[in-house]
Amino acid sequence: MRTVWQQLLDRLAAGEVTICADEVPRWDKNQWQTVLGLGLLRETELATAVVCDQCGDAHWAEVYWVTPGVKACFGCDAEGVIDIELDRLRQWRIDANCVAGLVASSLEVSSPIETLLRERLWRVGRRRLGGRYRDIFFGVPAGLPVAEMSAAIRASIGPGSALLLTIGANGNPEGLPSGQHLLDLASVSRVEGGRVVIDLDYVEERLAGEAPSTRKSSPTIPVPAGATWRDVSIMVFDGMLRITVRGKVHETDFAELGVDQRSQPIELLKLFAAARGTMDTTKIQELVSGDGAVKMRVRRLRQLLQELIGVDGDPIENYRKAKSYVCQFEIRLAGDDGFRTPAGVTWLDLAFHERVDRRILVTVPERQQFRARGAQSRSGESVREVAEERGTVTRTYSLEEMGLRTEAGQLTSEGAAFTDLLRAGGILPRSGNDVVVLKLAAQLQEWTGLDGEPLRLLEASRSWTAVFACSSEIQVAKGAGAVSGSRPRPGVVD
Ligand SMILES: [Zn+2]
């Protein structure tokens, strides 16, 4: 005999979510009361029809109100007009969102529940189960094939491990990806002590028996021992990724990764690529589509990268103080060669900073305009407000990308002059007719698309000064005359 909880799950699975009062007497009274206490049944409008219990024919009969809300009756051809007790007209709807919440609390996961498919599929949280972390989903079939739920899970988390608790299907059907596992919620849960309890021992046992995922043991892209994320470079194309690890190039299309072009992790990866690897938390929140906290989005992308590339450590670090996420590998969009300087920017606005890993951080102000439709004015025109906010964009480049170092790792003469300039805080002691400096200036102009001189000659001191801000994390040996990290006001020269 199935419990009331299981029978309600059966009804939910079948899409028959309304329970009428006439059904209740068939059920165990205590179980019914307990289930009502769980909150998964929402009392809904009174029934407009009942099954006749008078003539033995069990036919449907419409409800007539003698006094609305107080006295009702129905008609039977054999027995005439019959009064109805109002309690017989009460109805409840099974609230699937609430069931998802009960699953989450019984698994003791605290992250907010995310709806993937309305009334059909929820991500209830993530926890360790059967030897690994898994994203846990609750699915209501009601006509929706398991394959569609599976695809939605894949689109949401990529090839990560997932446990789908659903109703009416137990064990993996054909074609379910190896990282996903399906279990019947009604078989692994019960109501006890006024709450839903999931039999975790049983779940662990079922999941442990599952064949180990091949992705887990061998990432798609093997890397040389000791490689770090700093050795990784990713170029994002429309349908694929070109991944370079210590000079070795791998190409993977999204289908091979088991993720959709438009899936959330790929969307986020593309945003990082467009921003060259550094993004403010608030910026991510503005740009990503759909619900879901930034933290969760980043975590999924992180997981996807870790399963794809066999490098230890965190590929995307959260710089809490700076309120930003920074990719520890190099990333950019294919075809992104120059700097794409925003309009209205001059050399005075730009800042170049050399990192310890010798990549160059370029910071530039970005003007953002927000148009807001305000209240209607008295003349009937809608009032538009234009708000302006100045933020900054930071992108990271390698010296190769800036054309200042050869692919073989050799600094060009201009590259050497450029790093000297950054390390000296913007001063370059070279003469006015130094061809290397003139070439560097031309190269910077071309790369940024900016007119105007990036470097100015100081005749008196026989040196050049940068119009943009210069700084470096690389310590220069004492006596070389350089001050690391100094950022003089650009363009201000005595
Ligand atoms: Zn009848």
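1. Buried is used here for a residue with under 20% relative accessible area, and by that cut-off Phe468, at 2% relative accessibility, counts as buried. The model under review is a predicted one, and the points below concern its aromatic pairs and two of its helix packings.

2. The ring of Phe468 is paired with that of Trp347: the centres lie 5.7 Å apart and the planes stand at 45 degrees, so the pair is tilted. Trp347 lies in the loop between strand S21 (330-333) and strand S22 (351-354), whereas Phe468 lies in the loop between strand S27 (463-466) and strand S28 (469-472), so the pair ties together parts that are 121 residues apart in sequence. Trp347 is likewise buried, its relative accessible area being 4%.

3. Trp347 and Phe468 belong, with Phe352 and Phe418, to one aromatic cluster. Of these, Phe418 deserves a second look, as it is also among the residues through which helix H12 meets helix H13.

4. The axes of H12 (residues 413-423) and H13 (residues 435-448) come within 9 Å and cross at roughly 85 degrees; the two helices are therefore roughly perpendicular to each other. On the H12 side the contact involves Ser413, Glu414, Ala417 and Phe418, and these meet Val436, Lys439, Leu440, Gln443 and Leu444 in H13. By residue class, this contact divides into 5 nonpolar, 2 polar and 2 charged residues.

5. A second packing to inspect is that of helix H1 (residues 4-14) with helix H3 (residues 96-106), where the angle is about 130 degrees and the axes are 12 Å apart. That angle makes H1 oblique to H3, and the crossing in which H1 passes H3 is left-handed. Trp5, Leu9 and Leu12 of H1 make the contact with Ala96, Val99 and Leu102 of H3. The residues of this contact comprise 6 nonpolar, no polar and no charged, whereas the contact of H12 with H13 includes 2 polar and 2 charged residues.

6. Counting ring pairs whose centres lie within 6.5 Å, the model holds 8 aromatic pairs. One of them joins Trp27 and Trp32, whose ring centres are 5.7 Å apart and whose planes are at 40 degrees, so this pair is tilted. Trp27 has a relative accessibility of 9% and therefore counts as buried; Trp32, at 5%, also counts as buried.

Key:
Residues are numbered from 1 along each chain as its sequence is written. This is a predicted model: local features need pLDDT of at least 70, side-chain atom pairs count only at pLDDT 80 or more; totals for chains, interfaces and linings use all residues. Side-chain values use heavy atoms; hydrogens and water are left out. Axes are lines fitted to C-alpha atoms, for helices over the stretch in contact, and angles run from 0 to 180 degrees between N-to-C directions. Helices (H or I, at least four residues) and strands (E, at least two) are DSSP runs, numbered from the N terminus. Angles under 35 degrees count as roughly parallel, over 145 as roughly antiparallel, 65 to 115 as roughly perpendicular and the rest as oblique. A crossing is left-handed if the near helix is turned anticlockwise from the far one by less than a right angle, and right-handed if clockwise. Contact means heavy atoms within 4.5 Å. Ala, Val, Leu, Ile, Met, Phe, Trp, Tyr, Cys and Pro count as nonpolar, Asp, Glu, Lys and Arg as charged, and the others, Gly among them, as polar. Rings of Phe, Tyr and Trp (its six-membered ring) pair if their centres lie within 6.5 Å; planes under 30 degrees apart count as stacked, over 60 as edge-to-face and the rest as tilted. Buried means under 20% relative accessible area, exposed over 50%, partly exposed in between (1.4 Å probe, protein chains only).
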